Every structure is written in structure tokens, then in C-alpha cells.
Amino acid sequence: KRNMLVYFHPGVDQLDSFAEVLAQNPDINFIVHGEQIEQDVATLMDQYPNIYFTVNDLYGDQYLLHQNETSAGFLEKTEDYETLLQQDLATWQAVIEAHPDQFLWGTDRGGVAAWTLNKKVGRRLADYGRAFIARLDPAVQDNFAYKNAQRLIDSTK
């Protein structure tokens, strides 16, 4: 009725409930993120065109943006990020390229620690994201980087 997007982070063991919500609300676009659903997102996308997933937990499938980390520790762990990048591409590239209109690049920095807002951390995150996007199929890069998000936002006008 209000032409809004719904954004949330499903919890553990909520897959069946979430699939039911998608099925019952085909006219609502749902943007989700989180490791609790990422293993099943491709299957959901195969069935429901109204689900979008924002990929924002990369870094070699490691959760590095957490409270017990430091900016120096994060920067050290991501200084030579080729190995991390290869792990993330192995996890995400095929599924993103199989669903090129349903994935979004995300910038969730965790928000649990002030160090995640450090300028050098921000630069590293941007550089890493650009390197990841550059390795995707060129036909998918713009959609993943910004066009899918732009299309969703424009759909609410």
C-alpha cells in the first residue's frame, strides 16, 4: 500500500517462516542480509523474485568487524587481501552471477565498535569492495555495485 522496501536480518532457524512471508507478500520487496540466511539465499531467489540480498560480510568469510577487533588488527589482517578475496569469490561469485538482479553490495560496518568508522578502515573496505566487484563478470558488476539498489529505491517513488 505504501510502496516501501522491507529490510531486515533474519535470525537462526527462521528460513521456513521467511519463505512463508515472501510467498504471502509477492508485491513487497525484501532486502535481507546476515550469515544466518546466506547459505539458503540462492534457493530463495530461485523461488521468490521479491528477495534481495546485500553482501557485506566478506574478508575471507571471516567476521572481522566486531567489538573485540581493533582498527590496527583489521588493517593488518586485510593488508594483503588476495587470499581473503579468493575465499569470498569462491563463496559468492557463482551465486551473484546466477542472480544478477537480486544482489546488492552492502556497507554494514558492524556498528558495535567505533573503530569500524576509522578513516583507514573505511578506505580498506572500499578498496576491498572494488577489488571484489572487479572480479565479477563485467555484465554483473554495475548491477551488484549500484544499479540493483538504485532500481529498488526508484521503485518506491
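Strands S2 (residues 30–32) and S3 run parallel to each other, paired over three bridges. One of the matched pairs here is phenylalanine 30 with isoleucine 51 of S3. Bear in mind as you look around that this is a predicted model, with an average pLDDT of 89 for the protein.

**The strands around S3**
- S2, helix H2 (residues 41–47) and S3 together form a β-α-β unit, and it is right-handed.
- S3 also pairs with S4, again in parallel, through three bridges.
- On that side, valine 55 has tryptophan 105 in S4 as its bridge partner.
- S3 covers residues 51–55, and five of its five residues are buried.
- In a regular strand, side chains take turns pointing to the two faces of the sheet.
- In S3, Ile51, Phe53 and Val55 sit on one side, Tyr52 and Thr54 sit on the other, and all of them are buried, so both faces are covered.

**Aspartate 101 and its contacts**
- You'll find aspartate 101 in the loop between H4 and S4.
- Aspartate 101 counts as partly exposed because its relative accessible area is 42%, which falls between the 20% and 50% cut-offs.
- Setting aside neighbours within four places in sequence, aspartate 101 touches Tyr52, Asn143, Asn148 and Arg151; Tyr52 is one of the buried residues of S3.
- With asparagine 143, the link is a polar contact between the two side chains, at 3.0 Å.
- Arginine 151 is 50 residues away from aspartate 101 along the chain, yet their C-alpha atoms are separated by 9.5 Å.

**Helix H5**
- H5 takes in residues 119–135, which makes 17 residues.
- From first C-alpha to last, H5 reaches 25 Å, close to the 24 Å expected at 1.5 Å a residue.
- At the N-terminal end, asparagine 118 acts as the cap: one of its side-chain oxygens lies 2.7 Å from the backbone nitrogen of lysine 120.
- The buried residues of H5 include Val121, Leu125, Tyr128, Phe132 and Ile133, and among them are also Gly122 and Gly129.
- Those buried residues pack against H3, helix H4 (82–98), strand S4 (103–105) and H6.

**How confident is the prediction?**
- Across the protein, 94% of the residues have a pLDDT of at least 70.
- Among the elements, helix H6 (residues 138–154) has the highest mean pLDDT, at 96, while helix H3 (residues 71–77) has the lowest, at 89.
- Wherever pLDDT is low, the predicted coordinates shouldn't be read in detail.

How values were computed:
Residues numbered from 1 in each chain as written. Predicted model: local features only at pLDDT ≥ 70, side-chain atom pairs only at ≥ 80, totals over all residues. Heavy atoms only, no water. pLDDT = per-residue confidence, 0-100. Helix = DSSP H or I, 4+ residues; strand = E, 2+ residues; numbered from the N terminus. Expected span 1.5 Å × (residues − 1). Buried < 20%, exposed > 50% of the residue type's maximum accessible area, 1.4 Å probe, protein only. Contact = heavy atoms within 4.5 Å. Polar contact = N/O pair within 3.5 Å; in protein donor to acceptor, adjacent residues only side chain to side chain. Pairing = 2+ DSSP bridges. Right-handed = clockwise from strand over helix to strand, strands pointing away.
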